[in-house]
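Grab a coffee and work through these exercises with the model open beside you. Try each task yourself before reading its solution.

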Amino acid sequence: MNFFYSKDKLVALHFKYDQARRRFVEWAQNEIAVVPDFYKRILFSDEAHFWLNAYVNKQNCCIWSEANPQVYVKTPLHLEKLTVWCALWAGGIIGPYFFKNDEGHNVTVNGDRYRAMITNFFIPELNNHDVQELWFQQDGATCYTARATIDLLKDTFGDRLISRFGTVNWPPRSCDLTL
């Protein structure tokens, strides 16, 4: 599928994202005005993919070389990768959590696996910390924002959820832990 945007549509898209970021920053500034160390109460979360054959995602990493750029190497269609999740805040790190199936094979994240991680790993880990004041942040990945996932997180964090469809919206295309 090809997507072609006119300059006007791209400007409108960037304006939309910028407006969402501004609303988030204004909200955060208001919270910090009330509680100066509020930023220490946000539990940021994200996942990263690590390819097991030394593949590097060229979108996020540039490698300069004097070697011939026309040379190519055949690679399988679906490269084996490991997906790792963690959360961090001023009080420490929860994780890492490695997404694997029951047989121990690496798997990608989907809604069911993410909710299983929350239920079987994340929430038990939270029991080791005082989380009454913590806000939980996640990006807008589809598996994170499914209704069942948001409901599960609201059961734990109440209205202290920063996420698409959460109490506070995490703006699209925002920096996350992998950048």
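Contact here means heavy atoms within 4.5 Å. Helices (H or I, at least four residues) and strands (E, at least two) are DSSP runs, numbered from the N terminus. The model is predicted: local features need pLDDT of at least 70 and side-chain atom pairs count only at pLDDT 80 or more, while totals for chains, interfaces and linings use all residues. Residues are numbered from 1 along each chain as its sequence is written, and side-chain values use heavy atoms, with hydrogens and water left out.

**Exercise 1. List the elements of the protein chain in order.**

Step 1: count them; there are four helices and five strands.
Step 2: walk from the N terminus, and you get α-β-β-β-α-β-α-α-β.

**Exercise 2. Work out which way helix 4 faces.**

Step 1: find the buried residues (under 20% relative accessible area; exposed is over 50%, partly exposed in between, with a 1.4 Å probe and protein chains only). In helix 4 these are Thr149, Ile150, Leu152, Leu153 and Phe157.
Step 2: look down the axis of helix 4. Its buried residues fall within an arc of 160 degrees, so they line one face; the arc is that of the directions from the helix axis to the C-beta atoms.
Step 3: check the other side, where Arg147 and Asp155 are exposed.
Step 4: see what the buried residues pack against: strand 1 (42-51), helix 2, strand 4 (135-137), helix 3 and strand 5 (161-162).
Step 5: move just past helix 4, where Gly158 takes a positive phi of about 60 degrees.

**Exercise 3. Describe how helix 2 and helix 4 pack.**

Step 1: get the geometry. The angle is about 10 degrees and the axes are 10 Å apart. That makes helix 2 roughly parallel to helix 4, a label for angles under 35 degrees (over 145 is roughly antiparallel, 65 to 115 roughly perpendicular, the rest oblique). Axes are lines fitted to C-alpha atoms, for helices over the stretch in contact, and angles run from 0 to 180 degrees between N-to-C directions.
Step 2: name some partners. Tyr114, Ile118 and Phe122 are among the helix 2 residues that meet a helix 4 group including Thr149, Leu152 and Phe157.

**Exercise 4. Find the hubs of the largest nonpolar core.**

Step 1: define it as a set of buried Ala, Val, Leu, Ile, Met, Phe, Trp, Tyr and Cys residues joined through side-chain atoms within 4.5 Å.
Step 2: among its 24 residues, Leu43, Trp85, Ile94, Tyr114, Met117, Phe122 and Phe136 touch the most other members.
Step 3: ask who contributes; helix 2 gives the most, with six residues.
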